[in-house]
Amino acid sequence: MIALSFFFALYQDLNDQITDRWQNDQSFDIQLLQSVGQLEDHQKVQFIVGSNTADTLLGSVTKKSSGYELAIAVNQAIPTHWQAVASEVAGKNAAGSVMLRATLSSIESRSTSVSLPIVKWVKMKAITNAAIDMAETAVSLAIGLIGVMAFWLGLMQIGYKSGLIEGMNKIVAPLMRRLFPDVPADHPAMSAISLNMAANILGLGNAATPMGIKAMEELQKLNPNKEEATDAMCMFLAINTSSVQLLPPATLIALMGASTNELLIPIIFATLCSSIVAITAGKWFSRKSKKLRVEGVN
Amino acid sequence: MNWTLLILPIIFFIFPVYGLYKKVAVYEEFVEGAKEGFTIAVRIIPYLVTILCAIAMFRASGAMDLITGLLNPIFAPLGITSDITTMALIRPLTGSGSIGVLADLIQTYGEDALIVKMAATMFGSTETTFYVLAVYFGAVNIRKTGWAIKAGLLADLTGAIAAIFICYWLFG
């Protein structure tokens with residue numbers, strides 16, 4: 001996937017360069033509305049692009065060692081192409097407004113021209129930043145799980161010791177035996193799986209995760225090869241990602257408000273379909289992988 | 001729908017009380033179980049970083065738009081717009097990404113639009129398969145994932161198609 005992203009990014013960046021999407025070497029004619037006199041430090045100017053008198057743009061001219069810089073205030077009025085360039089390379093000035101730093105060819109006459117900063121390797125930069133940002137996010141996600149996980153695991157420990165979970169487990173045992181034929185019916189994995197499924201069905205996302213992890217740990221105890229997922233694990237994951245939902249997830253309610261109610265039936269229907277497919281596919285895949293294993297042994 | 005608010009408090013109540021009734025050392029057992037929370041969270045970090053970074057790079061590379069663009073001519077005649085294709089593609093990859101897509105759609109079209117209902121149904125009916133995979137398999141250090149991805153994505157695809165159909169049928 002990383003390699004794919006790299007090639008896609010490379011392709012698009014090269015494509016941008018060939019089609020000159022960012023018009024890197026082009027200069028744009030502008031008209032300053034005030035002449036810039038003796039330039040001390042910097043001077044605010046108003047200007048128009050080409051002959052477009054409708055939009056008066058703001059900027060400020062600064063003298064640099066290599067010439068003059070025009071910092072353009074980025075807003076809706078600047079040309080669309082400039083906005084696109086600005087979204088890639090604009091920076092902020094001391095006051096916090098977004099500025100696009102262009103080079104001004106001269107200040108002698110009020111008719112002059114600017115060239116925008118060169119934009120290159122946009123996607124390459126984007127994938128680099130995305131990877132680094134996400135690395136951070138992933139860790140905070142995991143750290144954020146600690147609390148909820150500890151809480152639920154603690155509660156479940158009580159449930160196990162008191163026999164409460166075992167009792168609940170008996171109710172769903174017939175169904176579970178059929179879904180996970182490789183797991184002994186009274187194994188703790190079964191109860192963890194059924195609790196996870198119950199939490200998923202009720203839309204209790206953050207309760208489901210700790211129980212699911214617990215279930216995986218129990219399934220791992222039954223796994224002869226600790227690096228490779230067993231059929232039961234794959235089946236559990238497939239059911240988990242496709243789980244029937246009687247109640248919509250909290251995020252959806254937060255986003256959609258009251259109209260979530262209308263979506264209840266579609267969601268139940270769609271999850272029912274996906275669960276059926278997940279289970280059927282799971283059964284089929286596990287039969288296939290068992291066959292492979294048997295042939296491998298022979 | 002208010003009774004759903006009661007599920008959690010009832011669980012929070014029943015577990016310790018039943019434990020006490022069965023003479024379980026409630027406090028000690030709770031702490032014993034909770035201890036694992038930290039180790040599990042730390043154990044999944046490398047898996048989460050790997051998978052989420054790969055996905056983030058994939059999205060940032062613009063590959064997603066390219067794929068949506070390629071699929072659009074196939075699906076558009078069926079009335080499935082590129083917004084829906086984007087949602088279906090992004091949902092198994094990232095949770096926050098798909099929330100973003102849905103929020104955008106709500107803002108652009110309003111809650112009552114058919115597109116928004118379809119996208120919301122998709123959001124509600126499928127899971128962030130790759131995240132679940134990273135967390136669950138990561139927690140037990142499983143590296144070879146067998147047929148789990150295949151089955152998960154197949155289920156997501158079915159969910160997405162079912163969401164489109166039922167929304168057409170009910171609201172279209």
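**Entry 1: domains of chain A.** I looked up the separation of the two domains of chain A in this predicted model. The centres of domain 1 and domain 2 of chain A, taken over C-alpha atoms, lie 59 Å from each other. I noted the bounds as well: domain 1 covers residues 23–119, and domain 2 covers residues 168–297.

**Entry 2: contact between the chains.** I next turned to the contact of chain A with chain B. Chain A contributes 76 residues to this contact and chain B contributes 78. On the side of chain B that touches chain A, I listed the helices that each supply at least two residues: H1 (4–21), H2, H3 (63–75), H5 (95–109), H6 (114–125), H7 (129–139) and H8 (148–171) of chain B. H2(B) gives the largest share of that side, with 24 residues. I then sorted this side of chain B by class and recorded 49 nonpolar, 16 polar and 13 charged residues.

**Entry 3: one helix pair.** I examined H1 of chain A (residues 2–18) against H2 of chain B (residues 26–60). Their axes are 8 Å apart, and the helices pack at an angle of about 20 degrees. Angles under 35 degrees count as roughly parallel, and H1(A) and H2(B) are therefore described as roughly parallel to each other. I recorded the crossing of H1(A) and H2(B) as left-handed. From H1(A), the residues making the contact are A:Ile2, A:Leu4 and A:Ser5, and from H2(B) they are B:Ala54, B:Met57 and B:Phe58. By class, I entered five nonpolar residues, one polar and no charged for the contact of H1(A) with H2(B).

Definitions and conventions: Residues are numbered from 1 along each chain as its sequence is written. Chains are lettered from A and ligands numbered from 1 in the order in which they are written. This is a predicted model: local features need pLDDT of at least 70, side-chain atom pairs count only at pLDDT 80 or more; totals for chains, interfaces and linings use all residues. Domain bounds come from an automatic or database domain assignment. Axes are lines fitted to C-alpha atoms, for helices over the stretch in contact, and angles run from 0 to 180 degrees between N-to-C directions. Helices (H or I, at least four residues) and strands (E, at least two) are DSSP runs, numbered from the N terminus. Angles under 35 degrees count as roughly parallel, over 145 as roughly antiparallel, 65 to 115 as roughly perpendicular and the rest as oblique. A crossing is left-handed if the near helix is turned anticlockwise from the far one by less than a right angle, and right-handed if clockwise. Two residues are in contact if their C-beta atoms, placed from the backbone, lie within 7 Å. Ala, Val, Leu, Ile, Met, Phe, Trp, Tyr, Cys and Pro count as nonpolar, Asp, Glu, Lys and Arg as charged, and the others, Gly among them, as polar.
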